[in-house]
Amino acid sequence: MNYDVVVIGGGIGGLTAAIRSSELGKKVAIIEKDELGGECLNRACIPSKTLIDALKLVSKTAKSNWISGKVEIDYDRLGVFKNEIIKNVKNSFTSVLKKYNVDVIKGQASVKREGEVEVNGKVITTDMMVIATGSEPLSLADFPLNGRNVVDPWTAMNLPSLPNNIIIVGGGVAGVELATLFRAMNKNVTIIELMPRLLPVPGIDIEVANEVKKRLEEKGVKIYLNTKSKIVKSDDKVVFTAQTPSSTEEVKGDLAVITIGRKPVTNGIDLKAIKVDSDQRGYIKVDNKARTSNPKVYAVGDVAGVPLSATKAWRQGIIAGDNIGGKNTEMPKYIPSSIFADLEIGVVGQTAEELKKAGIDAREIKVLMRDIPRAWTLNEPEGFLKVYVDSEGKILGANMVGEGATEVINTLALAMELSLKLSDLYKVQFSHPTISEVITEISQRGIYGEIY
């Protein structure tokens, strides 16, 4: 059986690559060993945001003194709702695949030579190949996963029930989102982070990280920073030694969630045999068109390296499909990131600190969310937006923490991709009252300063 394109892996990147290639007239097959949608749809992005948004409703209700009565989460029914959401999104993807006549093959793909993929004992020939096999949790020596009480983030999030005391190793994106989720469920949550700050992620401003830390601690999350830890016992309770700058402590919990360490999945694919280069960690090297060192092989998503995000995977799949289909397109320069903590976070581009290290002179403009009327009507006046601009007013980066941050950041990503200046944004009128007006306020202050 011959195809123009065979996509190995049915996660978000694989799905968009398959659909876009087919839209452009190619005969396409997608091979998936597990469930279409991959990590994002089945275990990560979609279920986690469903749960977090539901629990935030309860949190908002609790702090709204004009609402009487007690509101509680029925976790079993919420789990049913979460599964319905996953099913609905998956059905939508399946319908699109059918619409464009993409063949879906369930099985483990094996690649031993260029142009051939073996699956279910049959050899499929193809002109072009897209590797979209993703990444998986790495079991580290100090934090060995056992699938029982030491687990990866998505296993923890999809457990039918959770114990009372949960320790999260890693204060990055996954760690912060899970801490938000578990604390909203009234679990005792501890974060242990090796670095001296929360969210030690490229592009995230230290002030944003500190705001998130303050909010989590106000909710009752215990946070260890600058702390080296390891698991010393996990037969019943999970016991850590935690070496802080001032002491060594013993930290105990019922469940440990390890949010650090992932590795690319290339099982069954002989990269050397098909002349595809990878880096020292095993991630496939690609250019800004998602092409590997072999012009007949593309790679998208986590397997193609950082950032390990569904946002990048989605677009990279489309870019691969475009180029396979004869459209000469490239990855955007700026990929925004969204973090769904108790207060949303949106980031794009570089921070002031990163720009300074790169020798780039930048000015910071900041607007507090309490200056935006809509934030008050939503009872969420905390947080701020920061934008960093050069001497001509061109936007180099942005960080926002607060209500609606994950939506606002997309407008700023648009502005940066199009090389817009503050003077360009100042020409645009945003609807009142909306959270997006924070962009109007940023452009106004950047040009004229505070005028009221």
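The legends below describe close-up views of a predicted model.

**View 1. Helix 4 and the agreement between its length and its residue count.** Helix 4 covers residues 75-99, a run of 25 residues. With 1.5 Å for each residue, such a helix should span 36 Å, and its end C-alpha atoms are indeed 36 Å apart, so the two values agree. At the start of the helix, a side-chain oxygen of Asp74 comes to within 3.3 Å of the backbone nitrogen of Asp76. Beyond the other end, helix 4 is followed by Asn101, which has a positive phi, near 60°.

**View 2. The buried residues of helix 4 and their surroundings.** The buried residues in this helix are Tyr75, Leu78, Gly79, Lys82, Ile86, Lys90, Phe93 and Leu97. Several helices contribute to their cover, including helix 1 (12-23), helix 2 (38-42) and helix 3 (45-62). Helix 5 (153-157), helix 8 (310-324) and strand 3 (103-106) are also among the covering elements.

**View 3. Lys90, a lysine within helix 4.** Is Lys90 buried or exposed? Its relative accessibility is 18%, and because buried means under 20%, Lys90 counts as buried. When residues up to four places away in sequence are set aside, Lys90 touches Glu35, Leu36, Leu41 and Asn42.

**View 4. Two cysteines, Cys40 and Cys45.** Cys40 has a relative accessibility of 13% and is therefore buried. Cys45, with a relative accessible area of 23%, is partly exposed. How many disulfides does the whole structure contain? A search of the whole structure finds 0 disulfides.

**View 5. The largest nonpolar core, with 43 residues.** Which of its residues touch the most other members? They are Ile168, Leu181, Phe182, Val212, Leu216 and Val257. The element that gives the most to this core is helix 6 (residues 173-184), with 6 residues. Ile168 shows how such a residue is surrounded: leaving out residues up to four places away in sequence, Ile168 touches Gly175, Leu178, Ala179, Phe182, Val189, Thr190, Ile191, Ile192, Val257 and Thr259. A second core, separate from this one, has 26 residues, among them Ala398, Ala405, Ile409 and Leu412.

**View 6. Two cis peptide bonds, before Pro307 and before Pro433.** Most peptide bonds are trans. The bond from Val306 to Pro307, however, is cis, with omega near -5°. Pro307 belongs to the loop between strand 17 (297-299) and helix 8. The bond from His432 to Pro433 is likewise cis, and its omega is near -5°. Pro433 is placed in the loop between helix 12 (422-426) and helix 13 (437-448).

**View 7. Positive phi values at Asn120 and Lys275.** Most residues other than glycine have a negative phi. Asn120, by contrast, has a positive phi, near 55°. Where does Asn120 lie? Asn120 is in the loop between strand 5 (116-119) and strand 6 (122-131). Its relative accessible area is 52%, and because exposed means over 50%, Asn120 is exposed. Lys275 also has a positive phi, near 60°. The loop that holds Lys275 runs between strand 16 (262-264) and strand 17. Lys275 is exposed as well, because its relative accessible area is 62%.

Methods:
Residues numbered from 1 in each chain as written. Predicted model: local features only at pLDDT ≥ 70, side-chain atom pairs only at ≥ 80, totals over all residues. Heavy atoms only, no water. Disulfide = S-S within 2.5 Å. Buried < 20%, exposed > 50% of the residue type's maximum accessible area, 1.4 Å probe, protein only. Helix = DSSP H or I, 4+ residues; strand = E, 2+ residues; numbered from the N terminus. Expected span 1.5 Å × (residues − 1). Contact = heavy atoms within 4.5 Å. Polar contact = N/O pair within 3.5 Å; in protein donor to acceptor, adjacent residues only side chain to side chain. Core = buried A, V, L, I, M, F, W, Y, C linked by side-chain atoms within 4.5 Å.
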